[in-house]
Amino acid sequence: MTIQQNISAPAPPEATSATETPATDAPARVTPMMEQYLEIKAGHPGLLLFYRMGDFYELFFEDAEIASKTLGIVLTKRGKHQGMDIPMCGVPVERSEDYLHRLINAGHRVAVCEQTENPAAARARGNKSVVSRGVVRLVTPGTLTEDTLLDAKTNNYLLAIARARGSAGGDRIGLAWIDISTSEFMVTECSTAELAATLARINPNEVIVTDALYGDADLGALLRELPAVTPLTRDVFDGATAERRLCDYFAVATMDGLSAMSRLEATAAAAAVTYIDRTQVGKRPPLSPPSREAAGTTMAIDPATRANLELTRTLAGERRGSLLDAIDCTVTAAGSRLLAQRLAAPLTDSAAIARRLDAIAAFVADSFARDDIRTTLRAAPDMSRALARLSVGRGGPRDLAGLRDGILATDSALARLAQLDAPPPEIASVMEALRRPSRDLAREFERALAEQLPLIKRDGGFVREGYEPALDESRNLRDASRLVVAAMQARYADDTGIKGLKIRHNNVLGYFVEVTAQHGDKLMTAPLNATFIHRQTLAGQVRFTTAELGEIEAKIANAGDRALNLELEIFERLSVIALAASDDLRAAAHAFALLDVATALAKLAVDDNYVRPEVDGSLCFAVEGGRHPVVEAALKRDGQPFIANACDLSPGPAQVSGQIWLITGPNMAGKSTFLRQNALIALLAQIGSYVPASRARIGVVDRLFSRVGAADDLARGRSTFMVEMVETAVILNQASERSLVILDEIGRGTATFDGLSIAWAAIEHLHESNRCRALFATHYHELTALSAKLPRMFNATVRVKEWQGDVVFLHEVLPGSADRSYGIQVAKLAGLPPAVIARAKSVLAKLEAQDRGQTARALADDLPLFAVPSRAAAEPAPPSEAEQLLEAVKALHPDEMSPREALDALYRLTTLAKERKT
């Protein structure tokens, strides 16, 4: 999905004001209100304009039609413009976030236009003058901060992509991604070939690029597949001003104050902060300094592999049923986000992996500490997102309370962590971060905030009684004005000795003191006349006022507004204090997330019998008792066991490269599950997690490739077989000796001998050229003959048992090979009609009589050993006859030939053509 828009530098919100007069039917006249609207709208093309009018955001013209259709709300009209009805719809301000969420999910962006002055100030300029308005925020998919607009367990990334041209197609790509809801800021650089895998890992919610890059012939198609892409003008990606813009945003004098990054990374980073600056209209959310991700520090996983392995979403797009869902035992939103980040980017540094495993081991060994810490974490709110909302003026009292509760939770966590015997390095760093927030800040918030807090600060009532005397007085006047007046009346009656003295109120005089006529003279003579001021004499009563009563009247009249304004002032004061400590609070928030992930993975390991893997720099891959984490969890819910299996792809004696297992067996026997579980075990090991096995040793995998399942891509004109071949090509062209490859059913989407030939050649290439560790499942039983020629290829099969004409799946992977696929038995289980099953058995018997296996063995014997050249030494196939003839024609230069030379050349071509025919 792509939405083109022009996001220009923000104008001052007060820049626009007009007269708020309803539109009339005069076709040539544009009302001042509509003039104001059109002016603001013209500054934000491509965005829906939420135009504040009282308690509603109104939309007009095409915006109204789009919003009405998307939101399912009534489309009405308001007057005319140039002789045409003006379409209009609106949403209430108090429910605007719900509507914004739906619009953003539908791919729209919204400019929020607020009233920037009090209506009374507008009336002071004249009866027909209206409130000044201005856009205060641009709401886009990558710049959200509100809880109601965000998924608590998922990061919300804005990604900027910059490109630097290189020679011979060696372009470089700079990427910067930011989650303003958590202040995370990362940069990296990659090649164009690595871009798709990097995008799949980051999984951005919005991408900004230059117009030129969006229209690029090579990369444009990839960018247009992303969920929300915003092409911007070149000035946003100006490399010459990138460093200055970054220094300006972070308020530093030089780039030395930020992490080291390349010029291309700085260009992408500057584009990202410029976009944020413009969308937030001057309210700069505090961001962590950009952290550079060096190349090769994470396992490369291409988009197809991520989808096939269902790491964070199933193929149906749901979280339930994914690997993340199966292993996520975290108790905080921040912990869940961190776990998802780790799952998206497994490490390749065995030392860093070991540090994570050490942290988990500490909590595996101490179940009481694990449970106590998890109990504490449940009370720790999402401090990072609370800080982000406060920084852009969208926070509420509950965000302040969240920071308070988070700081208080650090003490509980530290007290329990201090009891660990020799905390590992990652836990020690967590403890150091938890000590950073000031406890005085928590105590101030505790003293200031009431027990019951509203969601929105404008609702008031969130400041504790006794915190601010002036606020208490205003509240008393607001809530107990009758008692205040009654107490004053009683005091005046005692002071004057007039028992019948009353304090009354009307709309003309306001509050006044009233006595009967016989007592009026008493109040107008000394010494009482110094206090009571005569206001009005009636037939039977005399009315007075006092300076004190006048002050009370003013206070009562404004008590409600004053109480709210005082609370808002207190809120702003507390917010400033919180933001001043934002670095310490963010460090503590990240520490809580680290602690949550470590304890959650420890709980998973204990509850589901996971084991600590050995991860090193070798090419080893040895798993004993391996299990599929997702399938096992599903079977466990149904009370069924999972059949564990071993897998060893480690180099054999005197071998330097890993092995290839060729796995045969019937459909439904568990081949695909076996392939996936080993890929997932490697991935879990490298995120620093225990793994579902009885023992595992994994040599670091640099790239993980998966070609599993069947799906077409009709939108791009690709059949199921074409998709299969494209994914296989990526593997054969990119897999290295340190990669792990799982391939399932290569070549099944075409004619039998075509598919067998492709699968045959692919295995040889993996063995001789890629030399990677691989699992290759197939129904081409002829391929098992290759084990006699390829020393690092090993045959394995999934055990089954036939019983009374049916097949029983035992799900055990054993050495050997299958000679049957039991497809007809599986078809019978699926419910095919008996007549079809009977006919299939008859046809199969005739086909098997031809004994194609003998042909395969003969072909394997005829192939020379190591017939597949290495990638470096690969030679192109010899040109065909037609290609040779074409090259001969291309070599001619008619303009430089004499007639004789041209005739000789024609004879040579004729002779060449005749030779090819013979």
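Student: Which helices and strands each supply at least two residues of the lining of the second largest pocket?
Tutor: The model is predicted, so local features need pLDDT of at least 70 and side-chain atom pairs count only at pLDDT 80 or more, whereas totals for chains, interfaces and linings use all residues. Residues are numbered from 1 along each chain as its sequence is written, and side-chain values use heavy atoms, with hydrogens and water left out. A pocket is an open set of points on a 1 Å grid over the protein atoms alone, where a 1.4 Å probe fits, with protein on both sides within 12 Å along at least five of seven lines; lining residues have an atom within 4 Å of a point. The elements (DSSP runs numbered from the N terminus: helices, H or I, of at least four residues; strands, E, of at least two) that each supply at least two residues are α3 (96-105), β5 (110-115), β6 (133-139), α15 (383-391), α16 (397-417) and α22 (547-580).

Student: Which element gives the most to the lining of the second largest pocket?
Tutor: The lining divides into 18 nonpolar, 10 polar and 22 charged residues (Ala, Val, Leu, Ile, Met, Phe, Trp, Tyr, Cys and Pro are nonpolar, Asp, Glu, Lys and Arg charged, the others, Gly among them, polar). With four residues, the element that gives the most is α3.

Student: Is helix α2 roughly parallel or roughly perpendicular to α3?
Tutor: Helix α2 (residues 61-71) and α3 pack at about 95 degrees, with axes 10 Å apart (axes are fitted to C-alpha atoms over the stretch in contact; angles run from 0 to 180 degrees between N-to-C directions). A67, T70 and L71 of α2 meet Y99, R102 and L103 of α3 in this contact (heavy atoms within 4.5 Å). Angles under 35 degrees count as roughly parallel, over 145 as roughly antiparallel, 65 to 115 as roughly perpendicular and the rest as oblique. The angle therefore makes α2, with respect to α3, roughly perpendicular.

Student: Which residues of α14 meet α13?
Tutor: Helix α13 (residues 350-365) and helix α14 (residues 367-378) pack at about 105 degrees with their axes 5 Å apart, which makes α13 roughly perpendicular to α14. The residues of their contact divide into four nonpolar, one polar and one charged. F363, V364 and A365 of α13 meet, in α14, S367, R370 and I373.

Student: Against which helices do the buried residues of α19 pack?
Tutor: In helix α19 (residues 469-479), L471, D472, S474, R475 and L477 are buried (under 20% relative accessible area, with over 50% exposed and the range in between partly exposed; 1.4 Å probe, protein chains only). These buried residues of α19 pack against α20 (481-496) and α22.

Student: How many of the eight residues of helix α5 are buried?
Tutor: The buried residues of α5 are L195, A197, T198, L199, R201 and I202. After α5 comes N203, with a positive phi near 55 degrees. Helix α5 (residues 195-202) is mostly covered, the number of buried residues being six.

Student: Is R313 buried or partly exposed?
Tutor: R313 lies in the loop between α10 (303-309) and α11 (323-327). Apart from neighbours within four places in sequence, R313 contacts D151, T154, E318, R319 and S322. Because its relative accessibility is 34%, R313 counts as partly exposed.

Student: What percentage of the 918 residues in the protein is buried?
Tutor: The protein has 32 helices and 27 strands. Of its 918 residues, the buried ones make up 49%.
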